[in-house]
Amino acid sequence: MSDKSNHRRFTFSLPVTVVVLSISYIYLSTIFVFIDQWFGLFSSPGIINAVVFTSIAAMCSVTYRVAISTDPGRVPSTYMPDVEDSQSPIHEIKRKGGDLRYCQKCSHYKPPRAHHCRVCKRCVLRMDHHCIWINNCVGHANYKVFIIFVMYAVIACAYSLVLLMGSVAYDDGMRDEEKNGGSFRTVYVVSGLLLVPLSIALCVLLGWHIYLILHNKTTIEYHEGVRALSLTEKGGSIYKHPYDLGPYENLTSVLGPNIISWLWPTADNIGSGLRFRTVYDLTQGSSTSQ
């Protein structure tokens, strides 16, 4: 894809503004209140913690920006499924009628795992969900960076929470508590009210997407799989998600084969998003080698 199609224009979004302000507040309060009050900002422990936290916050900010600005993946206007292609044993069909999936709103066929987003008003490759907090769909091209952003956000919130508790405990242990701790009491309360629920929510979100990655599912496919499992059980057959290649293969299909690049917001391994490996590819490969 061209550079033009890979990036989106920035438009104002209230949820994004809230996230940016929250990141800024957590960073400033952590560096200039929690670390400064507990260790002293210019002491050796203070400098070390400030550098480490700043690095994590910087990666959080970078990945957040990339998640916002990266187009999740557009369906080419010329896309046409080739039902006679032996290399593509799976062609997703409508639940009703059995026809190949066609988007009436976009006037083109849908590739496997693509879905129409009513917010973005177009089809998105390997769509997971539309996220108001990045004002963008989470799809084929930005799924990895979205996951990395959530991971860095979890680490940053947990780190800040530990420093918050340490700073409060240190202030409580000081004899002149009213003089040193009173002026920051509001910061402690606001930070706690922000960090605790945010840490819990982000941990749940990260855990959910780790589960999805290990099973090579999107959020949409998970809910579709629940319905498919129910229908196949009623019919006496067994349902297996066709894109589940095994935990390690599933992990590398999202994060890439190079472990070193797993924590960096690159997506050189993702392919076109028009075709994905399935369990049938593995079956064909094993039968060919015999």
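Of the 290 residues in the protein, 41% come out as buried in this predicted model. The accessible surface adds up to about 16400 Å², and carbon and sulfur atoms hold 63% of that area. As for secondary structure, the chain carries 9 helices and 6 strands. Contacts reach well along the sequence: taking those with a separation of 6 or more, 66% join residues that sit 24 or more positions apart.

On confidence, the average pLDDT for the protein is 85, with 80% of the residues scoring at least 70. The stretch 286–290 is another matter, with pLDDT below 50. Beyond near neighbours in sequence, residues 286–290 make 0 contacts in the model, and their placement is best read with that low score in mind.

Two loop residues catch the eye for their backbone angles. One of them is S107, which isn't a glycine yet has a positive phi of about 60 degrees. S107 sits in the loop that runs from β1 (102–103) to β2 (108–109).

The other is N135, again a residue other than glycine, with a positive phi near 50 degrees. Here the loop in question links β5 (129–131) and β6 (136–138). Is N135 buried or exposed? Strictly speaking, neither: its relative accessibility is 22%, and since buried means under 20% and exposed means over 50%, N135 counts as partly exposed.

Terms used. Residues are numbered from 1 along each chain as its sequence is written. This is a predicted model: local features need pLDDT of at least 70, side-chain atom pairs count only at pLDDT 80 or more; totals for chains, interfaces and linings use all residues. Side-chain values use heavy atoms; hydrogens and water are left out. Helices (H or I, at least four residues) and strands (E, at least two) are DSSP runs, numbered from the N terminus. Buried means under 20% relative accessible area, exposed over 50%, partly exposed in between (1.4 Å probe, protein chains only). Contact means heavy atoms within 4.5 Å. Accessible areas come from the Shrake-Rupley method with a 1.4 Å probe; for residues, only the protein chains shown count as cover. pLDDT is the predictor's confidence in each residue, from 0 to 100.
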